Every structure is written in structure tokens, then in C-alpha cells.
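Biologist: I am new to this structure and would like a close look at a single part of it. Please take me through that part step by step.

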Amino acid sequence: MAERNSIKILTELLDYVDNGSQLEILLSPANLLTVLEATGSSREEVQMQLNNGTKPGDLLLALFKQGHKPEALIDKLPKSARVISKKTPPSSTMKATSQPQSEQENRPTAPIQTLDDIDWTGSLLGKYTLFFAIGVVALTSFLPAMSLSGFLPLDFISDFTQAVLVSTILGGVAGLLYIPGKKISIQGAILGALLNAGILLAIFFYTINRQTILRLELLIPIFIGAIPGFGLYAILRKLSGTQ
């Protein structure tokens, strides 16, 4: 059933009153509630009808159709309420004023954006975030580890301590800017640092003194090296209450 048009309701109401002033007085939210209670309706019943979509004008129209005259209904109001109040606009509805004042004051407001809310990765890298993460791991963990172990004849880096330090720092920067489902995250930085360094160490010890390795076999050290980082990351998220 289509919702009744407010103009149609107002047109019907005008057929029962002598002038618009009577209608304006009776449609005042506080006055209409007083009249409804005086004619047998409880405040809970009125609130239930409003919550179900009944318009205040329909409630007043129902009283008119029951035979109540506008003059008699106005007489049920206190004398101070029988005049038009300039403070109450005619368009006010009971549904808006029937809410407790504390509820209206405590309505949630739009959150203020902070540094952590800024989608740095999305704005800087967009759909290339995955390639960014893979590139960091490849250039600062995978290739240095294979070079240091002697598995690949690359003059990529010769100092083991320096390789671990660079891998940890760059992994932390990458994790700070890119964590799935996050914006900018200290937890992500810790994950990136441990993940990058862990993969480098695992691949180094796995490939040292090896002559041949299957491509899929390299997933073993990568998985082992990632365990400490993801393990600590899960613990940090649980401690911080992040779901």
C-alpha cells in the first residue's frame, strides 16, 4: 500500500475545521498528544502507531471521523496551548519530538578522519598494492638470500648482516603502508619487518650448499620464514582487540 500523501491528508483535515488556525493548533505535536490521551489513547499506543508509519494528520483525522469537533478538542487543551505558538512550526511532527531529548543529543556524529584512516596505499598504489608487496619481498629477501647462499651467481649483496638489516627496514616500511584491510598500521610495520627478514633467513639456510631446487620447493622456506611474522601479528591484533 502506497504511503498516504501529506497534502491529501491536509486536504481531508480542512473539511473538518472552520479555519487553518484550528488545524495548526491541533497538529502541534504536544497538543495532538494531549488530545489523543484525552480521548482514550495511551502514549504507548500513539508511539506504536507513529513507529508503524501512521502520520500525525491521520491520527487527528481519525478523531474527526469519530465525531469529535475541532472546538471540543481544542477545549481539552490548556488555555496557554489554545493559541498558535511561533516557536512550533506547523510542519513539526510528533515522531520527531516524541524521542527523548537525551536520545536526540546522543545521536552519533560522523567520525573525524585521522591519520590512521587515510588510505595511503589505495591512493598511492591502487590496484598495484599486491605487486608492490611481492616486489619488496623479491628484491629485499628472495634475491639477496639466494645470492648470499651462493645458489644464484649474483653479486647482489655480499654482507649478511647488512642484507638482514636492509630487509628488515624495507619490510617494515612496506608493511606500514600495505596491510590487507588496514590503512596505515604499526602492527603492519612489525609484520612486514619480521616477514621480510624471516623469509630471507629461511631461504638462505634452505638453499645454502644446494645445487638444484624445484621451483615449488621454494615455497617451503617462504612458508617457514613467514610463520614468526604472521604469528606475532595475530597476537598483536588479538591483544589490541582488532577483529
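Biologist: Before that, what pLDDT does the protein chain average? Then please look closely at how helix α1 meets helix α5.

Modeller: This is a predicted model, and the average pLDDT of the protein chain is 76. A score of at least 70 is reached by 75% of the residues. Two stretches call for caution. Over residues 87-99 the pLDDT stays under 50, and the model has 21 contacts there beyond four places in sequence. Residues 112-124 also have a pLDDT below 50, with 17 contacts in the model beyond near neighbours in sequence. Where pLDDT is low, the predicted coordinates should not be read in detail.

Now to the two helices. Two packed helices are described by the angle between their axes and the distance between the axes. Helix α1 covers residues 6-14 and helix α5 covers residues 56-65. Their axes come within 10 Å and cross at roughly 30°. Angles under 35 degrees count as roughly parallel, so α1 and α5 are roughly parallel to each other. The crossing of α1 and α5 is left-handed.

The residues involved can be named on both sides. From α1, Ile9, Glu12 and Leu13 take part in the contact. On the α5 side, they meet Gly57, Asp58, Leu60, Leu61, Phe64 and Lys65. Sorted by class, the contact of α1 with α5 consists of five nonpolar residues, three charged residues and one polar residue.

Conventions:
Residues are numbered from 1 along each chain as its sequence is written. This is a predicted model: local features need pLDDT of at least 70, side-chain atom pairs count only at pLDDT 80 or more; totals for chains, interfaces and linings use all residues. Side-chain values use heavy atoms; hydrogens and water are left out. pLDDT is the predictor's confidence in each residue, from 0 to 100. Contact means heavy atoms within 4.5 Å. Axes are lines fitted to C-alpha atoms, for helices over the stretch in contact, and angles run from 0 to 180 degrees between N-to-C directions. Helices (H or I, at least four residues) and strands (E, at least two) are DSSP runs, numbered from the N terminus. Angles under 35 degrees count as roughly parallel, over 145 as roughly antiparallel, 65 to 115 as roughly perpendicular and the rest as oblique. A crossing is left-handed if the near helix is turned anticlockwise from the far one by less than a right angle, and right-handed if clockwise. Ala, Val, Leu, Ile, Met, Phe, Trp, Tyr, Cys and Pro count as nonpolar, Asp, Glu, Lys and Arg as charged, and the others, Gly among them, as polar.
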